[in-house]
Amino acid sequence: MKVPLEFAMQWFKVLLNLFHYSNKWLNIGLKCVLTWQFSVFANGTKKMVDFLTSRTFASYTNYAPSTNQQNNTLASLATLKRYSQDQKYRKQLTREADANARDGLLFNVKESVPELRMTERRTFMGLCCQNCTFTSRESLVKKTTENLALINVLNHEVAFKSGFLSRTFSHVFQVSQLKRYAFPQVANLVLRDDRVKKAVERVAVQQLKDSDSTEDEFYQELIKKNQARAKKLVSDMRSTLSDFLLRFTSWILYKLLPCFMNSVVVHPGQVDMLKQASKTNLPLIFLPLHRSHLDYILLSFILLNNDIRSPLVAAGDNLRIPFFGSLLRGLGAFFIKRRIDPMMGRKDHVYKAVLHTYMNLCLRSGHNIECFLEGGRTRTGKPCMPKYGVLSVIVETFMDGTIEDALLVPVSLNYEKLIDGNFIKEQLGEPKKMETFGDALKGIWHVLNSSYGSMRVDFNQPFSLRELIKTFDQNNKISNPNVSARVLKSNPSTNSLYGTDVVSEEHKSLVENISKHVIYDCAQSTSVMSTNALAFLLLSKFRQGITLQKLVVAFEDLKKDLELSRRDVGFSGDAVDVINYAVELLGPALVKKEKLNGEDTIKPIAILPNVIELSYYSNSLVTHFALESVIALALSVAEIRLNTVSQDDLMENALELCSFFQYEFLFCKPCQNLEMVITSCIDDLIIRKEIFLPEAESNELVRRSRNIARQFEDDDEEEPFQKLYKINTSKEAMENVKYMAHILMPLIEAYAITGFTLETLVQRQLLESELVASVLKEMKEQLATGSLNYDESVAVDPVKNALKLYQKLGILECHQEGKLRLYYLKEAYDNSESVKLFYNKVNKYRTGNLLIQ
Ligand SMILES: CCCCCCCCCCCCCCCC(=O)SCCNC(=O)CCNC(=O)[C@H](O)C(C)(C)COP(=O)(O)OP(=O)(O)OC[C@H]1O[C@@H](n2cnc3c(N)ncnc32)[C@H](O)[C@@H]1OP(=O)(O)O
């Protein structure tokens, strides 16, 4: 009896193994056949079949290129060749990873994808600020961190124990092994809080006064009405974070993500810092830049699978749509109003008290929180200026002693290809469409049937909120010794940002500084993807097209340049392969590849509307080079004598440009001095770009020019010392100046034409939508006549920012009523001459001497 049983067991095992491997190879075969057919429908169906039958999608990326990789590489023979070479390498890596897994190193899986060699040593970005958070910077990071290889979080499978069941159902096994966290639900405590009770009473008293009634009965009715409203607000806001739902979604994501992404790459050193930070039991506040709806999904996914407590995420209430809203709620979303509108001319005290109390209770009960400071996805590819509401609550929770400290974690995410929408319509003036259930379904189906390359997540080093505030406080005291109220005080009753009507200027600037610091840090630690680099080079340097050979040289130079400034890139390998790959990903609507005179030539589609999308990719690098471009533009309009320019002149122009673009870029951290940052950027240009000659030569020039000045002016008075920069007039250096200046030229054009269109406001007023539409119309007309050079200047975002700037500069006035904004000119500017004078102030940067030579 025993023998046949053993025999049967043996056979069962063999059959299971056979089923397992045939399934895998069948899938690969099926995948290849369907891929060759290039049919969207077939592709979708295949993915569904795969999803239902395969053990795992991620698994066979260890043995063969994924569909996406195949799609991307069919056009590139060179890359295909590399795939086959990679086979051996992959197998070796799999063996290594298996070994690691046996040692219990869950994430030490090294995986090679053609675009990114994971084993290559990378620049380690994202350490926190040395000026503001010196102690935090010394913590959490190990000396060896920098040497770790990148990992693809989708390749988990090999890291498991070698048991048959755990291998076969690896992802089920993985999610079942994760650390269990209790996620306390605090919503039922909100209404009992004093802050909410007081807000309810306050509003009821106000409503009673407004009604001219003094009846107690009516007052009680108002109290009940406001209490009911508060209850509804809590129920709409609350998150129902569930451990089971998180694990289940994680399992689904392991299956789905490889359908449309090659890899999700993180630096294990950064994950390790987070793991250590989570052991401190302080709340972690994740502050990511927002590019795509995938951002929060991937963040929670990565955190969950690294045993880090999943955060509650502040989500705009536009996402509270049927089914998906409830799903997001269960996965950690708590819903906030996108805009805290004053209600009927008054602040919505009840809402503010509810939000404040809810977040307070969440933090006190140990939840981590995630908030997208920018308040929405970037429409331009550049980081947006922060919003302060949610962070101000977190800061206050610390100030009033509810929490002892919190660790802030700036996060940046970047994608080779933008996943959800390209915002072209919005940028060309069409209103934003509200999310609906149908759109969400359509979007998911579309995503599953497309290929988006790789993405990269960079977690910055967590830093202590207490330390940061202490440093700001000390700096504040040094620069302003008369400040009586210290920032770092604990007084819950008076300090409340949402609790009181007036937010003190000191608190405002504190929250503003923290937010701007975080956005700046995130921008600095965003990895540059292949598509960013290609789009940037094409739009800023080679708008008329360029041969592949020359593009390769420029690409390598750009990569070196980025490495020198400690920016990591999200690609590796031969530049020619990377370029071909990026051309494929961007597609023929954005980049054209053709043979001209027997040579491969790449050309951007630099016309509307396509160029808006291309500039989205390029803008990641525009942000990086913005200050250099400012200096080139400043130089182009500076007074140049004997090939020298005075530092004062250069600085004045540069500061003016930085102030023009204050809503476009953060040129320095709040703890830095802008003038010093500009000076050090000029020094950098002397060394790296050779636009100015080194100091020794410049100093000699200062001496000589002073002598000449004395001789001619016959002046006894000593001239104040003026540092001069000698300009390198070589052809190459001049070309460099032009190239750098052109990086910001589309923005200069947008700002100038917006200034020009203010003419239409003379003696009248316009709604923002009307004004923006007339600026866009003017731009399109100028584009048609050739007065405007850059199609990407025609975009809503810079126009709106320009209007904000002109308002700040005191030229425009804006009257807001609800969502409507009415613009009119300030009295002093309400005539054509003043508007023209102002326009010339901006427009001069379009026609700088060095640029038209
Ligand atoms: C395992 C796998 C799972 C995977 C699956 C995971 C899924 C996991 C969940 C999904 C989750 C989705 C997530 C979506 C992502 C978004 O939906 S992003 C959009 C929503 N999020 C945000 O907007 C967050 C950032 N925004 C804010 O903080 C905004 O301030 C607010 C709160 C939205 C309000 O905006 P606003 O009305 O424009 O007002 P704002 O001028 O910012 O100021 C509001 C108040 O802030 C305060 N304030 C303003 N300035 C300052 C200052 N400088 N200092 C201090 N206080 C200030 C004042 O109290 C002010 O009130 P008032 O004094 O004016 O009355």
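The second largest pocket of this predicted model holds about 1300 Å³ of space, a pocket being an open set of points on a 1 Å grid over the protein atoms alone, where a 1.4 Å probe fits, with protein on both sides within 12 Å along at least five of seven lines. Its lining (residues with an atom within 4 Å of a point) runs to 49 residues, and Tyr 520, Gln 524, Ser 565, Arg 567 and His 624 sit closest to the centre. α25 (610–637) chips in the most, with seven residues. Sorted by class, the lining comes out as 21 nonpolar, 16 polar and 12 charged residues, with Gly counted as polar.

Now for the ligand. Of the 38 residues around it (a heavy atom within 4 Å), Gly 316, Ile 340, Lys 352, Gly 389 and Val 390 come nearest. Polar contacts here are pairs of N or O atoms within 3.5 Å. A backbone N or O atom of Gly 316 is 2.8 Å from a ligand oxygen, and Gly 389 also offers a backbone N or O atom at 2.8 Å from an oxygen of the ligand. Lys 387 uses a polar side-chain atom instead, 3.0 Å from a ligand oxygen. The protein covers 90% of the 1300 Å² of accessible area that the ligand has on its own (Shrake-Rupley, 1.4 Å probe). The shell divides into 23 nonpolar, seven polar and eight charged residues, and α13 gives the most, five.

Residues are numbered from 1 along each chain as its sequence is written, and side-chain values use heavy atoms, leaving out hydrogens and water. Local features need pLDDT of at least 70 and side-chain atom pairs 80 or more, while totals for chains, interfaces and linings use all residues.

Definitions and conventions
A polar contact is a pair of N or O atoms within 3.5 Å; within protein, one must be able to donate a hydrogen and the other to accept it, and residues adjacent in sequence count only if both atoms are side-chain atoms. Helices (H or I, at least four residues) and strands (E, at least two) are DSSP runs, numbered from the N terminus. Grid points are joined across faces, edges and corners, and a volume is the space filled by probe spheres set on the points.
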